[in-house]
Amino acid sequence: MPNYDLHSHTYHSDGTLSPSDLVKRACCNGVDVLAVTDHDITTGIREAQGAAQAAGILLVPGVEISVTWGAQTVHIVGLGIDPDEVSLQAGLAEQLKFRSWRAEEIGRLLERKGIGGAYSGACSRARGALISRTHFAQFLAAEGYVRDKRDAFAKYLVRGKPGHVPGQWATLPEALGWIRASGGHAVIAHPARYKLSATRLQRLLTEFKESGGEAIEVVSGSHSRDDCLRFATLSVRYDLLASSGSDYHGPEAPWVDLGKLPPLPESCRALWASWKIADFPPGGA
Ligand code: AMP
Ligand code: MN
Ligand code: MN
Ligand code: MN
């Protein structure tokens, strides 16, 4: 069985490795098929494709789109996208505009709490690439305002905390429209992380399917064994396919390493079951 890891980040968003180093590590860890899925940006894909070709593994071009759904943020992974597709890029450009404004706003909010230099600190950590809350968390930890990144999120960056700015991301139908227009397959990322009630989860899965969504990330670096089993059952109940991805952000993150995921539960139908090596990347519905 090939080793699939269909969710990972580079320093083009909030990961810490270059696309080439990410691919090399995936290859060393035994990954056969790797998706690079940076947040709201596709600029890392070209380098990753070159590195994957050199390393002899398959690269699935991907993106993780931030979505505002029912006043909360949900992440949708698009796999097998054409990164040059016009409507996808137009949509992602809007997402980046919001990100830039939000970063300045987070800086202003933290300033009001007596934390100076957060915006420029986050910018320098993003090194000219997209700015994420992760870069603010790195700044807050490095400057000693918090113990570590996790603490930075809990104290400053999540809902109800002083540096939180509500998301104004794409709607679910918009994000799925961009993914489908670019020939990709839409997957709900790490569903257990949203802590949805049964009713809201039912609504999310139904709306996702109605907009053309195809799969749930049943196996994720952030899922417990029970989460995997629960979402395996839901994937079958909702007739959705199952995906698997580490959500790797870099060697320093306390996360599951690339390619080190448990297999999909037997009950699931894998998203990649119909992909053919000859068709790579797996675009088209
Ligand atoms: P953003 O898209 O800029 O809002 O940032 C979201 C990213 O922050 C996620 O993709 C995670 O990588 C990271 N993140 C979110 N919550 C936490 C947390 N509690 N601890 C550490 N990292 C987190
Ligand atoms: Mn992230
Ligand atoms: Mn995510
Ligand atoms: Mn991710």
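**Exercise 1. Find which helices supply at least two residues each to the shell around ligand 1, then describe that shell.**

*Solution.* Start with the secondary structure: helix 3 (86–112), helix 5 (133–142) and helix 6 (149–157) each supply at least two residues of the shell around ligand 1. Keep in mind that you are looking at a predicted model.

Next, list the neighbours. Ligand 1 is surrounded by Asp14, His39, Arg99, Arg102, Ser132, Arg133, Thr134, Arg150, Phe153 and His249. Sorted by class, this shell holds five charged residues, four polar ones and one nonpolar one.

Finally, place the ligand in the protein: ligand 1 sits in the largest pocket.

**Exercise 2. Work out how far the polar side-chain atoms of Ser132, Arg133 and Thr134 lie from an oxygen atom of ligand 1.**

*Solution.* Take the residues in chain order. For Ser132, a side-chain N or O atom is 3.2 Å from an oxygen atom of ligand 1. For Arg133, the distance from a polar side-chain atom to a ligand oxygen is 2.8 Å. For Thr134, the corresponding distance is 3.3 Å.

Now add the question of cover. On its own, ligand 1 has 500 Å² of accessible area, and the protein covers 79% of it.

**Exercise 3. Identify the protein donors of the manganese ion (ligand 2) and say which parts of the chain they tie together.**

*Solution.* First, pick out the donor atoms: Asp14 (OD), His39 (NE2) and His249 (NE2) lie 2.1 to 2.2 Å from the manganese ion (ligand 2). Along the chain, their spacing reads D-x24-H-x209-H.

Then locate two of them. His39 belongs to the loop between strand 2 (33–36) and helix 2 (45–55), while His249 is in the segment after strand 7, so this pair ties together parts 210 residues apart in sequence.

A link back to the first exercise: Asp14, His39 and His249 are also among the residues around ligand 1.

**Exercise 4. Do the same for the manganese ions ligand 3 and ligand 4, and look for a donor that appears in both lists.**

*Solution.* Begin with ligand 3. Glu64 (OE), His75 (ND1) and His190 (NE2) are its protein donors, at 2.1 to 2.2 Å, and they follow the spacing E-x10-H-x114-H. Glu64 is in strand 3 (residues 58–69) and His190 in the loop between strand 5 (185–188) and helix 8 (198–210), a pair 126 residues apart.

Move on to ligand 4. The protein donors here are His7 (NE2), His9 (NE2), Glu64 (OE) and Asp247 (OD), again at 2.1 to 2.2 Å. Their spacing is H-x1-H-x54-E-x182-D. Asp247 lies in the segment after strand 7 (241–245) and Glu64 in strand 3, so the two tie together parts that are 183 residues apart in sequence.

Compare the lists: Glu64 appears in both.

To finish, place these ions relative to ligand 2: the manganese ion (ligand 3) is 5.5 Å from the manganese ion (ligand 2), and the manganese ion (ligand 4) is 4.6 Å from the manganese ion (ligand 2).

How values were computed: Residues numbered from 1 in each chain as written. Chains lettered and ligands numbered in written order. Predicted model: local features only at pLDDT ≥ 70, side-chain atom pairs only at ≥ 80, totals over all residues. Heavy atoms only, no water. Near = heavy atom within 4 Å. Polar contact = N/O pair within 3.5 Å; in protein donor to acceptor, adjacent residues only side chain to side chain. Areas by Shrake-Rupley, 256 points an atom, 1.4 Å probe, with all protein chains shown as cover. 1 Å grid on protein atoms, 1.4 Å probe; cavity = no way out; pocket = protein on both sides within 12 Å on 5 of 7 lines; lining within 4 Å. Sits in = over half its atoms within 2 Å of the grid points. Helix = DSSP H or I, 4+ residues; strand = E, 2+ residues; numbered from the N terminus. Nonpolar A, V, L, I, M, F, W, Y, C, P; charged D, E, K, R; others polar. Donors = N, O, S within 2.8 Å, 3.2 Å for Na, K, Ca; no water.
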